[in-house]
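Let's take a walk through this structure together, moving from one side chain to the whole chain and back out to the surface. Have the sequence and the 3D view at hand as you read.

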Amino acid sequence: MLIFLDTANIDEIREAASLGVISGVTTNPSLVSKEATADYETVVKAICSIVSGSVSAEVLAEDAESMVEEARVKASWAPNVTVKIPITADGLKATSTLSKENIKINMTLCFSVNQALLAARAGAAYVSPFVGRLDDIGHDGMELVSDIVEMYGYYELPTKVIAASIRHTLHCVTAARAGADIATVPYKVLMQMINHPLTDTGIARFLEDWRRVSQ
Ligand code: E4P
């Protein structure tokens, strides 16, 4: 499973990229709006100068024609931009058009297997089931990821599954178990993935033992 970083914060992206473990970045309008330079183009271009893998930038238009125009502009910002489009009827129309132009689309706000099937049929490169938001309303978000992975496998659909709306480290473990192609994780969760108390106590004990013989 690849790891994408789910943020528009340049400092977090720089720090995570330096670990050499992230393969892409996902943004959305809410994440970009939190940044000091809340200008989507500036933020995405800055991210693309740090990360060579897929960087998702979301459209704000709601009708198919405007989505297509906006997606073409966003895709021109850098060669690694993936355009995020929500799964609506207009989103599917726009994705069908754009995928034929070889513009990579990440169909977002996916909450059902049917939506994921339609996203794949429209030619989306990625689909993003939102795990945390389903958990929030008492559904099992990871079961959706697992069902989509199984369905795509059964029909050999090439769309990659991004487990999104990840809230904690256990989500990363269960996404990997479910066979998600990618988990897009907030910076805080990525940092928590590194930590284990036994690693810390193990290092302390090694150093203590070494100091005893080297004094
Ligand atoms: C990423 O593609 C999504 O936009 C993001 O994971 C949503 O996360 P949230 O549900 O925590 O806002």
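Leaving aside neighbours within four places in sequence, which residues is Lys74 in contact with? Before the answer, one word of context: what you are looking at is a predicted model. Now find Lys74 in helix α4, which spans residues 64-75. Once the neighbours within four places in sequence are set aside, Lys74 touches Tyr40, Ala57, Glu58, Val59, Leu60, Val81 and Val83. With a relative accessible area of 5%, Lys74 is buried. Residues count as buried when they fall under 20% relative accessible area, so the 5% of Lys74 places this lysine in the buried class.

With that residue in view, step back to the whole chain. The secondary structure comes to eleven helices and eight strands. Along the principal axes, the C-alpha atoms fill a box of roughly 75 × 40 × 30 Å. Lys74 has company in being buried, since 47% of the 215 residues of the chain fall in that class. If you look at contacts between residues at least 6 apart in sequence, 56% of them join residues at least 24 apart. As for the outside, the chain exposes about 11100 Å², and carbon and sulfur atoms supply 54% of that area.

Next, two spots in the backbone deserve a visit. Leu109 is not a glycine, yet its phi is positive, near 60 degrees. You will find Leu109 in strand β5, residues 105-110, where its relative accessibility of 30% makes it partly exposed. The other spot is Ser165, again a residue other than glycine, with a positive phi of about 55 degrees. Ser165 sits in the loop between β7 (160-163) and α9 (169-178). Is Ser165 buried or exposed? At a relative accessible area of 9%, Ser165 is buried.

Let's turn to charge. The chain carries 18 positive and 26 negative side chains, and the centres of these two sets lie 4 Å apart. Side chains of opposite charge can pair when their charged atoms come close. In this structure there are seven salt bridges, and we can visit some of them.

Start in helix α3, residues 40-50. Here Glu41 is bridged to Lys45, with 2.7 Å between the closest N and O atoms. Why are these two separated by about one helical turn? Glu41 and Lys45 are four residues apart in the helix, and therefore about one turn lies between them. Both partners are partly exposed: Glu41 has a relative accessible area of 32%, and Lys45 has 38%.

Now move on to helix α11, residues 197-214. Glu208, Asp209 and Arg212 form a network of salt bridges there. In one of the pairings, the side chains of Glu208 and Arg212 meet at 3.5 Å, N to O. In another, Asp209 is bridged to Arg212, with the closest N and O atoms 3.2 Å apart. Glu208 is four residues from Arg212, so about one helical turn separates them. Asp209 is three residues from Arg212, again a separation of about one helical turn. Arg212 is exposed, with a relative accessible area of 53%. Its two acidic partners are partly exposed, Glu208 at 46% and Asp209 at 34%.

Finally, look over the surface for patches. Which residues form the negative one? Asp135, Asp140, Glu143, Asp147 and Glu150 make up this patch. Helix α8, residues 141-154, gives the largest share, three residues. Glu143 is found in that helix, and its relative accessible area of 46% makes it partly exposed. Members of a patch need over 30% relative accessible area and no salt bridge, so with 46% Glu143 clears the accessibility cut-off.

There is also a nonpolar patch of about 250 Å², made by Leu19, Val21 and Ile194. Leu19 lies in helix α1, residues 10-19. With a relative accessible area of 37%, Leu19 is partly exposed.

Technical notes. Residues are numbered from 1 along each chain as its sequence is written. This is a predicted model: local features need pLDDT of at least 70, side-chain atom pairs count only at pLDDT 80 or more; totals for chains, interfaces and linings use all residues. Side-chain values use heavy atoms; hydrogens and water are left out. Patches are made of residues with over 30% relative accessible area and no salt bridge: like charges are joined within 9 Å, nonpolar side chains (Val, Leu, Ile, Met, Phe, Trp, Tyr) within 5 Å. Accessible areas come from the Shrake-Rupley method with a 1.4 Å probe; for residues, only the protein chains shown count as cover. A salt bridge is a side-chain nitrogen of Lys or Arg within 4 Å of a carboxyl oxygen of Asp or Glu. Lys and Arg count as positive and Asp and Glu as negative; His and the chain ends are not counted. The place of a charge is taken as NZ of Lys, CZ of Arg, CG of Asp or CD of Glu. Buried means under 20% relative accessible area, exposed over 50%, partly exposed in between (1.4 Å probe, protein chains only). Contact means heavy atoms within 4.5 Å.
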